[in-house]
Amino acid sequence: MSIWARLKQARTVAHEELPTVDAAAPEPTEIYASELLDEHTCRKCAEIDGHEYETMAQARGDYPEGGGYQGCESEAGCRGTLVIMHEG
Ligand SMILES: [Zn+2]
């Protein structure tokens, strides 16, 4: 059996043994906005810098997956991101 066939088989087995765990995924212990503050950072991003979120849902409201702060006023886009800390 080729390595690729083995990998595919291993993945299939793992998938079957692990049903949807998304609902049980633990919330991060800490979520906050981190903006890179420099002369290009817009006012909105400067304001949100360091803001803490209670849940990922709240955080994703301001910072959609793969994007910066949605209230950003900069045409070029600032370079803010979410900092997500997990316990351990
Ligand atoms: Zn901005």
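Is Arg79 buried, exposed or partly exposed? Select Arg79 and check: it is partly exposed, with a relative accessible area of 47%. Keep that residue in mind, since the tour comes back to it. Before going further, remember that you are looking at a predicted model.

**Stop 1: the whole chain, coloured by confidence**

Show everything as a cartoon and colour by pLDDT. The mean over the chain is 84, and 78% of the residues reach 70 or more. Now pick out helix α1, residues 3-17: among the elements of the chain it has the lowest mean pLDDT, 63. At the other end of the scale sits β2, with the highest mean, 98. Where pLDDT is low, the predicted coordinates should not be read in detail. With that in mind, the stops below leave α1 alone.

Switch to colouring by secondary structure. You should count three helices and three strands, and walking along the sequence you meet them in the pattern α-β-α-β-α-β. If you colour by accessibility instead, 18% of the 88 residues count as buried.

**Stop 2: the sheet**

Select residues 30-34 (β1), 52-53 (β2) and 81-85 (β3). Together they make an open sheet of three strands in the order β2-β1-β3, with antiparallel pairing. The edge strands are β2 and β3, each of which pairs on one side only. Strands of a sheet pair through backbone hydrogen bonds, either parallel or antiparallel.

Now zoom in on the two seams. How many bridges join β1 to β3? Five, with the strands running antiparallel; one place to look is Ser34, whose bridge partner in β3 is Thr81. On the other side, β1 and β2 pair over two bridges, also in the antiparallel sense. Click Tyr32 and you will find Glu52 as its bridge partner in β2; click Ile31 and the partner in β2 is Tyr53.

While β1 is still selected, turn on its side chains. One face, with Ile31 and Ala33, is covered. The other face is uncovered and carries Glu30, Tyr32 and Ser34.

**Stop 3: the zinc ion**

Select the zinc ion and show its donors. Which residues coordinate the zinc ion? They are Cys42, Cys45, Cys72 and Cys78, each through its SG atom, at 2.3 to 2.4 Å. Put angle labels on the four donor atoms and you get 105 to 116°, a tetrahedral site. Along the chain, the donors follow the spacing C-x2-C-x26-C-x5-C.

Two of these donors are worth checking for accessibility. Cys78 is buried, because its relative accessible area of 18% is under the 20% cut-off. Cys72, at 22%, counts as partly exposed. If you search for disulfides while the cysteines are on screen, the count comes to zero.

**Stop 4: the salt bridges**

Next, show the charged side chains. How many salt bridges does the count come to? Four.

Start with the residue from the opening. The side chains of Arg79 and Asp38 meet in a salt bridge, 2.4 Å from N to O. Asp38 lies in the loop between β1 and α2 (43-48), while Arg79 is in the loop between α3 (56-62) and β3, so the pair ties together parts that are 41 residues apart in sequence. Like Arg79, Asp38 is partly exposed, with 28% relative accessibility.

Then move to helix α2 and select Arg43 and Glu47. Their closest N and O atoms are 3.7 Å apart, in a salt bridge. Both residues lie in α2, four residues apart, or about one turn of the helix. Both are exposed. Add Glu73 to the selection and you have a network of salt bridges linking Arg43, Glu47 and Glu73.

For the last pair, select Arg60 and Glu65. This salt bridge has its closest N and O atoms 3.5 Å apart. Which of the two is exposed? Glu65 counts as exposed, at 68% relative accessibility, whereas Arg60 is partly exposed, at 28%.

Terms used:
Residues are numbered from 1 along each chain as its sequence is written. This is a predicted model: local features need pLDDT of at least 70, side-chain atom pairs count only at pLDDT 80 or more; totals for chains, interfaces and linings use all residues. Side-chain values use heavy atoms; hydrogens and water are left out. Donors are N, O and S atoms within 2.8 Å of the metal (3.2 Å for Na, K and Ca); water is not among the atoms, so sites may look incomplete. Four donors count as tetrahedral if all angles lie between 85 and 135 degrees; four count as square planar and six as octahedral if opposite donors are over 155 degrees apart and all others between 65 and 115; anything else is irregular. Buried means under 20% relative accessible area, exposed over 50%, partly exposed in between (1.4 Å probe, protein chains only). Two strands pair if DSSP finds at least two bridges between them. A disulfide is a pair of cysteine sulfur atoms within 2.5 Å. pLDDT is the predictor's confidence in each residue, from 0 to 100.
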